[in-house]
Amino acid sequence: MKSFLTRKNVVLLGGIVLLVVLLGVADATLNNYYLRILQLMGIYIVLTASLNLTNGFTGDFSLGHAAFMAIGGYVSALLTMPLAARALQLADLPAWFQEFAMPFPLATVLGGLLAALVALPVGLVVLRLRGHYLAVMTLGLLIVVKSLASNWEPVTRGARGLSGLDSATTLWWAFGWAVVTVFVVWRLVHSPFGRSMIAVRDDSVAAASRGIYVFQIRLIAFIMSAFFGGVGGALLAHQLTAITPPTYSFDLTFLIVIMLVIGGSGSVTGSVIGAIIMTIVPVILRDLERRFELPGVSQIIIAAALIAFMIFRRQGLMGSREMHPSTWFMKKPATPVSVDAPQQ
Amino acid sequence: MTINYIMQQLVNGLALGSIYALLAIGLTMVYGILRLINFAHGDLMMLGAYVSSIFISATILPILFAVVIPTLLMALMGLIVERTAYRPLRGAPEVAMLITSLGVSRLLQNSTVLVLSPQPRAFRLPGDLTQTMNVGGIRFTQLDVLTFLLVIALMVLLTLYINRSKTGMAMRASSENLRAARLIGINVNWAIGAAFVLGSALAGTAGFLWASRYGIIDPFMGFLPGVKAFVAAVIGGIGSIRGAVAGGVILGVAEIGFVGFLPPEFSGYRDAFVFSLLLIVLLVRPNGLFGKSEVERA
């Protein structure tokens with residue numbers, strides 16, 4: 001049996017310890033405003049890393065991530081809502097539904113599972129399409145879910161939304177899920193399954209002729225991505241403590257896509273970096289926007305930066321390379337696992 | 001439900017459908033050549049509506065200006081967008097262009113927010129155009145008539161241009177096979193530019209029509225109609241102008257029919273209905289009603 005204390009594991013453990021220490025310090029010293037930004041960062045890492053499974057690695061460009069977030073958000077909100085708020089807001093629902101409030105962690109998982117469950121039939125139909133048609137259809141899914149949220153009054157309370165949730169998304173939950181997501185995505189991508197995903201992306205006809213079940217791979221990637229999308233939505237709902245249809249708008253999908261594109265779709269660490277950068281930059285820009293009273297400027301700058309990225313650095317900051325902290329301090333760097341990726 | 005009511009819904013659907021058709025023509029021309037879903041197309045319509053609103057409020061000028069000037073300005077705008085944002089991406093993967101067009105869309109929306117205001121503003125046409133006429137129990141306005149006539153006229157002109165002119169021939173050739181067109185010496189960039197100019201001009205016209213139909217404009221009004229127009233283009237068969245027009249009309253009539261003939265509690269789902277329609281069309285006839293088949297090759 002190989003020793004557990006390989007260089008890779010030591011670095012991994014060290015990294016997690018470092019993260020825990022940093023989060024502990026942040027939790028103790030920062031005020032609420034900064035804590036919320038950090039929580040958002042964790043949530044965005046969950047979302048970006050999971051969107052990477054479809055958009056980055058399998059090559060199915062989805063614009064529907066916010067749809068799965070909405071499902072996760074609404075389901076978890078319905079499950080955790082405190083009894084007092086429940087009696088007020090969900091009076092139309094059956095009596096048994098009035099009498100329980102599920103703990104937040106379980107509701108998060110269930111939100112993710114339901115998003116994944118919805119992704120199964122949706123994927124079966126939508127994934128027959130590829131490329132642009134898929135992009136438009138997933139955008140359509142978002143619009144369908146949003147009209148459902150706005151119109152299904154007894155359950156979602158329409159435009160008023162659900163409010164009075166516990167503020168349960170702490171820094172620990174946000175980053176805990178971020179670590180879990182990144183870990184799962186990393187292991188998935190660096191497995192035979194992940195190789196199949198990349199093969200499907202690079203040349204689906206060749207992949208099929210080598211015996212890869214292309215459709216199955218794409219479907220599983222779609223469902224996995226939806227699960228973490230649902231979890232991210234649940235986390236976001238419990239950070240905002242309220243949930244209305246406009247929360248899960250096209251803007252949100254677009255933001256996640258930007259994070260992925262800037263970080264480098266096709267790189268797990270790249271998606272994390274993209275999420276971190278694109279959490280901080282808009283905060284700074286919005287601050288400037290407010291100071292100089294120029295509404296819309298932050299969005300203009302971000303959109304212009306996106307266009308510039310597409311023209312000058314299409315592959316994003318990381319391209320399809322990964323950061324390997326475990327190789328940083330070696331004399332002779334081990335050849336990183338690299339797969340020929342098309343210039344994205 | 002009387003025959004009158006049905007006819008009424010049909011008229012309303014045709015009016016909405018003609019606007020979709022105008023937008024869909026631009027999208028289908030660009031997609032045919034570049035394989036690009038131009039998400040910014042609807043935002044050109046929004047800009048057209050704003051330009052139009054300036055001329056509406058200036059009462060001295062004839063209403064014609066409110067149609068012609070946005071059309072011309074948006075033609076120019078389309079060319080600028082193509083040259084600055086899309087041209088550097090020639091030969092890039094489709095997804096890169098798609099993301100860029102999302103960026104352009106955001107850029108246009110928020111520039112409007114910055115320069116004007118995020119608040120919606122009223123768009124009030126002079127009285128004659130919105131006066132209701134009543135023919136055999138069916139109500140419509142002069143605007144509806146104007147919309148039909150305008151759309152038909154533009155469509156005929158455009159079809160003639162594309163079928164008869166040299167640029168039109170270059171556009172058709174590029175749409176059929178971009179690489180081969182370039183090989184035989186067609187100036188592909190010219191053809192692409194022409195597609196953007198013509199499409200964006202129609203979007204400018206559509207801006208006037210949309211704004212006068214709904215009476216209110218805001219910086220984010222264009223995105224959803226733009227996406228729906230793409231749906232219309234796909235339903236009709238992407239790459240075909242006739243298909244875009246047919247798809248637009250079908251979508252408009254179906255959407256109005258969905259709202260008009262089902263109980264009112266369904267009307268909130270009209271956007272969801274549009275995409276369900278798209279899904280069904282794509283699954284049953286993946287190439288739309290007038291489209292040619294496209295096979296995935298190694």
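# Helix packing in chains A and B

Colleague: What covers the buried residues of helix 8 of chain A?
Modeller: In this predicted model, the cover over the buried residues of helix 8 of chain A includes helix 1 (7-29), helix 2 (32-58), helix 9 (192-202), helix 11 (214-240) and helix 13 (268-292) of the same chain.

Colleague: And which residues of helix 8 of chain A are the buried ones?
Modeller: They are Trp173(A), Ala174(A), Phe175(A), Trp177(A), Ala178(A), Thr181(A), Val182(A), Val185(A) and Val189(A). Helix 8 of chain A runs over residues 171-189, and its 19 residues reach 27 Å from the first C-alpha to the last, close to the 27 Å expected at 1.5 Å a residue.

Colleague: You listed helix 1 of chain A in that cover; how many of its own 23 residues are buried?
Modeller: The number is 0, so helix 1 of chain A lies largely in the open, although helix 1 is among the elements that cover the buried residues of helix 8. From first C-alpha to last, helix 1 of chain A reaches 33 Å, close to the 33 Å expected.

Colleague: Stepping back, how many helices and strands are there in chain A?
Modeller: Chain A has 15 helices and 0 strands, and 48% of its 344 residues count as buried. Its radius of gyration is 20 Å, which agrees with the value near 20 Å for a compact globule of 344 residues, and its C-alpha atoms fill a box of roughly 65 × 55 × 50 Å along the principal axes. Of the contacts in chain A with a separation of 6 or more, 81% are between residues 24 or more positions apart.

Colleague: How many residues does each chain put into the contact between A and B?
Modeller: Chain A gives 37 residues and chain B gives 35 residues. On the chain A side, helix 6 (131-151), helix 10 (204-209), helix 12 (250-263) and helix 14 (297-312) each supply at least two residues, with the largest share, 13 residues, coming from helix 6. That side of chain A divides into 26 nonpolar, 9 polar and 2 charged residues.

Colleague: Now chain B: at what angle do helix 2 and helix 3 cross?
Modeller: The axes of helix 2 (residues 41-57) and helix 3 (residues 64-86) of chain B cross at roughly 145 degrees and come within 8 Å, and the crossing is right-handed.

Colleague: Which residues meet there?
Modeller: From helix 2 of chain B, Leu44(B), Leu47(B), Gly48(B), Val51(B), Ser52(B), Phe55(B) and Ile56(B) meet a set in helix 3 of chain B that includes Phe65(B), Ala66(B), Ile69(B) and Pro70(B). The residues of this contact divide into 12 nonpolar, 3 polar and no charged.

Colleague: Is Ala66(B) buried or exposed?
Modeller: Ala66(B) counts as buried because it has 26 C-beta neighbours inside 10 Å. Leaving aside neighbours within four places in sequence, Ala66(B) is in contact with Ser52(B), Phe55(B), Ile56(B) and Phe208(B), and its C-alpha is 7.7 Å from that of Val51(B), 15 residues away in sequence.

Colleague: Last thing, the backbone: where is Arg157(A) found?
Modeller: Arg157(A) is in the loop between helix 7 (153-156) and helix 8 of chain A, and has a positive phi of about 60 degrees although it is not a glycine. Arg157(A) is partly exposed, with 19 other C-beta atoms within 10 Å.

Colleague: And what about the phi of Glu293(A)?
Modeller: Glu293(A), also not a glycine, has a positive phi of about 55 degrees, and Glu293(A) is found in the loop between helix 13 and helix 14 of chain A. Glu293(A) counts as exposed, with 7 C-beta neighbours inside 10 Å.

Conventions. Residues numbered from 1 in each chain as written. Chains lettered and ligands numbered in written order. Predicted model: local features only at pLDDT ≥ 70, side-chain atom pairs only at ≥ 80, totals over all residues. Contact = placed C-beta atoms within 7 Å. Helix = DSSP H or I, 4+ residues; strand = E, 2+ residues; numbered from the N terminus. Nonpolar A, V, L, I, M, F, W, Y, C, P; charged D, E, K, R; others polar. Expected span 1.5 Å × (residues − 1). Buried ≥ 20, exposed ≤ 12 C-beta atoms within 10 Å, placed from the backbone. Axes fitted to C-alpha atoms, helices over the stretch in contact; angles between N-to-C directions. Left-handed = near helix turned anticlockwise from the far one by under 90°. Rg over C-alpha atoms; globule rule 2.2 N^0.38 Å.
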